[in-house]
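This report goes through a single protein chain, from its overall make-up to its sheets, its helices and one chosen residue. The sequence and the structure come before the text.

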Amino acid sequence: ESKKVVTDEVASVKKDIDIYYGWLRRLENPDPVLRTEAAGKGLRLYDEVDRDPHASSVLQQRIQALVGKEWDVVPAGGRKKNRQGSPTREEVVADFVSSVLENTNFDQARSEILKSILYGYYVDEVLWKIKGGKIVIKKILGKHPRRFVFTLERELRLLTPESRIDGEPVPDRKFIVMTWGDSDNPYGRGLGQKLWWPVWFKKHGIKFWLVFLEKFGMPTAVGKYPAGADTGVQQKLLDALEAIQTDAGIKIPDNMLIELLEAARTGTVSYEQLCEYMDRQISKAVLGQTLTTEIQGEGSYAASQTHDGVRQELIEADADLFDEVMNETLVRWIVDYNFSGVTEYPKFVTYARPKPDLQTQATIDKTIAVDIGVPVSQRYFYDTYGIPEPEKGEALVEPVRTAMPAFAERQPVARRRFTPAQTALEGLAGASVAEAADTLAGNEERILEAVRGAGSYEEAMERILAIWPDLGTDKFQDVMEKAALNADLFGRYAVRESQE
């Protein structure tokens, strides 16, 4: 019996008891901060987060870290290893898409759509034009997400003066939407939800800090007037108090009194510490750490390197999400407008990983390929080190090889040229090796027999030491000493003969 596959969405928005109200035809943004703090501002509330200098700085650091990475449009099935001949149709399609993106404001468009990290989602509008019989991009314009809503089916709608609640439908292949932080909710779950309160506390902390500084910088003046003084006299005293703020000297009647109250405080907590604490929370929310923006104290370089690895992981995750959005929207639209019959689309790829240290990598590769001898394809080296593969017929740079001696082992035996003295020495060495081997004949079997019969490493060592005196090493030593003496005497004889 075949199993029935459920293809429809079961946990739909209409079944969400928290965000579906029944009478609305649009999907409401469930962001809890917007619901309690926006006071009618909607997503413009998070514009205030972006106006905070520190929050804006770390957000731009995360966005520009991705925008600054290299990218490519890879043909379906990859590029040919052998680039001889005409390019494949897949390569033509990929190169066309890449050319279209390179000839528009693509970096600016990326910077803007990545603001979805803050708002939860962001929208780019594509302005198309016809050039040379092809449909290409004139410009990509970033649109503030406050101008859009979604239907219960997650379809984008544009809010207009004529449709302020439900919004108007938008044309196909016109608006790119990047949703960040939530795959179920098209409004996403941006970092604005986490950043709003640290920014809010910091903003009000600075406000009270300024009031405090005013109290410390200028003492509070207290005026005292005689009992029964009329309002005119009281006003003159107030004028004198105000003059204290700007004038070097004032005059008052001798029956009035002015005192200065100095501001005083105790404890170690300051408003500055509060603001620095909030900045650290903002850094951790955006970058996952703090040391790449707030390096202090000894040993912080090594720690910042570790923290930078956390930041790198976030960049790679953002790149994966952005690439997915591009491949589902803009890349397909460009291809569909300009090519027919395409079933396998090229892929937009951001190279978000850091570039390797090629010197270190070369040492590792030499160890693997040369010293250990692991087989490695030439394609790996071309790709790793960014070296273009040579075309057929191109002049190649050949390594300089040192000429081998005429008697080297790699030379065929027929090509060797020995002097009579060398020939005699070769024969003497061969005879000594054969004689030494005879003295050790049978020792290997005796050692293996001792080891096989042992039940432990310690027992094996004891058995080998027990048979060691009988292994005939004394004879071997005598042979080696005789060979060394003969070599020395023959060397002296050969040198004397060559001088006569």
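## Overall make-up

Of the 500 residues of the protein, 31% count as buried. The model is a predicted one. Its secondary structure comes to 17 helices and eleven strands. Among contacts in the protein with a separation of 6 or more, 64% are between residues 24 or more positions apart.

## The four-stranded sheet

Four strands make an open sheet in the order 1-5-6-7, and their pairing is antiparallel. The edges are taken by strand 1 (26–27) and strand 7 (163–169); each has a single partner strand, so one side of each has no neighbour in the sheet.

Strand 1 and strand 5 (residues 148–151) run antiparallel and are joined by two bridges. Arg 26 stands opposite Thr 151 of strand 5, and Leu 27 stands opposite Phe 150 of strand 5. Strand 5 is also joined to strand 6 (residues 156–160), here by three bridges, and this pair runs antiparallel. Val 149 stands opposite Arg 157 in strand 6. The hairpin of strand 5 and strand 6 has four residues between the strands, and in this hairpin Arg 154 takes a positive phi near 65°.

## The three-stranded sheet

A further open sheet has three strands in the order 4-3-8, with antiparallel pairing. Strand 4 and strand 8 (175–179) are its edges; since each has a single partner strand, one side of each is left without a neighbour in the sheet. From one strand to the next the twist averages 30°. Helix 5 packs on this sheet and touches strand 3, strand 4 and strand 8, its direction making about 160° with that of strand 3.

Within the sheet, strand 3 (residues 121–131) and strand 4 run antiparallel and are joined by nine bridges. One of the pairs is Asp 124 with Gly 142, its bridge partner in strand 4. The hairpin of strand 3 and strand 4 has two residues between the strands, and Gly 132 takes a positive phi near 60° there.

## Helix 3 against helix 5

Two packed helices are described by the angle between their axes and the distance between the axes. For helix 3 (residues 53–67) and helix 5 (residues 106–113), the angle is about 145° and the axes are 9 Å apart. Their crossing is right-handed.

Helix 3 brings Ile 63, Gln 64, Leu 66 and Val 67 to the contact, and helix 5 brings Asp 107, Arg 110 and Ser 111. By type, the residues of this contact divide into three nonpolar, two polar and two charged. Helix 5 thus appears in two settings here: in contact with helix 3, and packed on the three-stranded sheet.

## Helix 4 and its buried residues

Helix 4 (residues 89–102) has 14 residues. From its first C-alpha to its last it reaches 20 Å, close to the 20 Å expected at 1.5 Å a residue.

Which residues of helix 4 are buried? They are Glu 91, Val 93, Ala 94, Phe 96, Val 97, Ser 98, Val 100 and Leu 101. An α-helix has 3.6 residues a turn, so residues three or four places apart point the same way. The buried residues of helix 4 pack against three strands and two helices named as follows: strand 2 (71–74), strand 4 (134–143), strand 11 (347–350), helix 5 and helix 11 (330–338).

## Leu 314 in helix 10

Leu 314 lies in helix 10 (residues 300–328). Is Leu 314 buried, exposed or partly exposed? Its relative accessibility is 26%, and because buried means under 20% and exposed over 50%, Leu 314 counts as partly exposed.

Not counting residues up to four places away in sequence, Leu 314 touches Arg 62, Val 286, Leu 287 and Gly 288. For one of these, Leu 287, the C-alpha to C-alpha distance from Leu 314 is 7.4 Å, and the two are 27 residues apart in sequence.

Methods:
Residues numbered from 1 in each chain as written. Predicted model: local features only at pLDDT ≥ 70, side-chain atom pairs only at ≥ 80, totals over all residues. Heavy atoms only, no water. Axes fitted to C-alpha atoms, helices over the stretch in contact; angles between N-to-C directions. Left-handed = near helix turned anticlockwise from the far one by under 90°. Contact = heavy atoms within 4.5 Å. Nonpolar A, V, L, I, M, F, W, Y, C, P; charged D, E, K, R; others polar. Pairing = 2+ DSSP bridges. Expected span 1.5 Å × (residues − 1). Buried < 20%, exposed > 50% of the residue type's maximum accessible area, 1.4 Å probe, protein only.
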